[in-house]
Amino acid sequence: MADVAREAGVSHQTVSRVLNHHPNVRADTRARVEEAITRLGYRRNLVARALVTKRSRTLGVVSFDTTLYGPASTIYGIEQAARTAGYFVSIVSLKSIDSDNVRDAIGYLTEQGVDGVVVVAPQRSAWRALDNLPSGMPAVAVEGMHNACVPVVCIDQVQGARLATRHLLDQGHETVWHVTGPTDWLETEGRIAGWRAVLEEAGRPVPEPLAGDWSPRAGYEAGKSLAAMKGVTAIFTANDQMALGVLRALSEKGVRVPDDISVVGFDDIPESEFFSPPLTTVRQDFAAVGRQCIEVLLRQIDMGPATAERLVVPPGFVVRSSTAPAR
């Protein structure tokens, strides 16, 4: 910084004000300093800055199985929002999620000096670890429980399932079969609850749900079972990947979609509009989740610990060609 000051013919303090976007710098002086920065290739020493400000400008993220579309998209939304706010992100991705692993990951990030932590914790088994967060550590969770000890940002899974089920009933289907996500996932619970509530409110039969695990293979196996049942005309799958497997199984059994059976997914993955047929699905706004997570976290960093609020992002619904009126 001293080299930049000499090159531009200004004081060290003026260079600092330019770097921090202080408004009280004349335009010609700012331009001269920025030209000197470019000529010298100056880059801030973030370690030195952290020592002065007591902030690393880095946020920690703990997540599980980033090969899945939901967690991966959530992390991307968080990272983009953090970068917009001028923060870097350090990510710890866990192969298996339990209280010990989550606690170790948070401890690792704390040792790295992060200013706050986002925990993408879609499973009940992760929540016990959040009770042991370091005292005073700003934190926010994604897809947490109602009684969480930290602020939570989530998509309304129940409402998304309600939209899917109601759409199928409005098409004249007597009832809706459901292929679930894996047990212990909060999204699974929310989607089952929304599906069941709409059927019960409408006085319709509630079929026994078929267990899945988010994978196309699980959807394929469920689809073979459903194709062999009589009276199945509408299926709601808990994610688009399983819907892909369902579509494949139905096609192999000679069942036409949507002529014979309508299918709805959940997520609106980029490939869903190119399925055969294009998939009707629930859309999740992961960018909005990322923005709200960072906003909540930065408020804690600036103003101290927050109450355990719960911010809910509404889902969307996309109608394509995989659903049609019941015959």
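## Exercises on a cavity and two cysteines

Helix H5 contributes the most to the lining of the largest cavity, namely 3 residues. The model is predicted, so local features require pLDDT of at least 70 and side-chain atom pairs pLDDT 80 or more, while totals for chains, interfaces and linings use all residues. Residues are numbered from 1 along each chain as its sequence is written, and side-chain values use heavy atoms, without hydrogens and water.

**Exercise 1.** Determine which helices supply at least two residues each to the lining of the largest cavity, and how that lining divides by residue class.

*Solution.*
1. A search of the whole structure yields 1 cavity of 30 Å³ or more.
2. The largest cavity holds about 90 Å³ of space.
3. Its lining comprises 13 residues; Gly70, Pro71, Thr74, Glu143 and Glu187 lie nearest the centre.
4. The helices in question are H5 (69-84) and H12 (286-303).
5. By class, the lining has 8 nonpolar, 3 polar and 2 charged residues.

**Exercise 2.** Explain why Cys154 and Cys293 are not bonded to each other, and state whether Cys154 is buried or exposed.

*Solution.*
1. A disulfide requires a pair of cysteine sulfur atoms within 2.5 Å.
2. The cysteine sulfur closest to that of Cys154 belongs to Cys293 and is 9.6 Å away, which is too far for a bond.
3. For Cys293, in turn, the closest cysteine sulfur is that of Cys154.
4. The count is therefore 0 disulfides under the 2.5 Å rule.
5. Cys154 is buried (under 20% relative accessible area, whereas exposed is over 50%, and partly exposed in between, with a 1.4 Å probe and protein chains only), at 2% relative accessibility.
6. Cys293 is likewise buried, at 0%.

Definitions and conventions
1 Å grid on protein atoms, 1.4 Å probe; cavity = no way out; pocket = protein on both sides within 12 Å on 5 of 7 lines; lining within 4 Å. Points joined across faces, edges and corners; volume = space filled by probe spheres on them. Helix = DSSP H or I, 4+ residues; strand = E, 2+ residues; numbered from the N terminus. Nonpolar A, V, L, I, M, F, W, Y, C, P; charged D, E, K, R; others polar.
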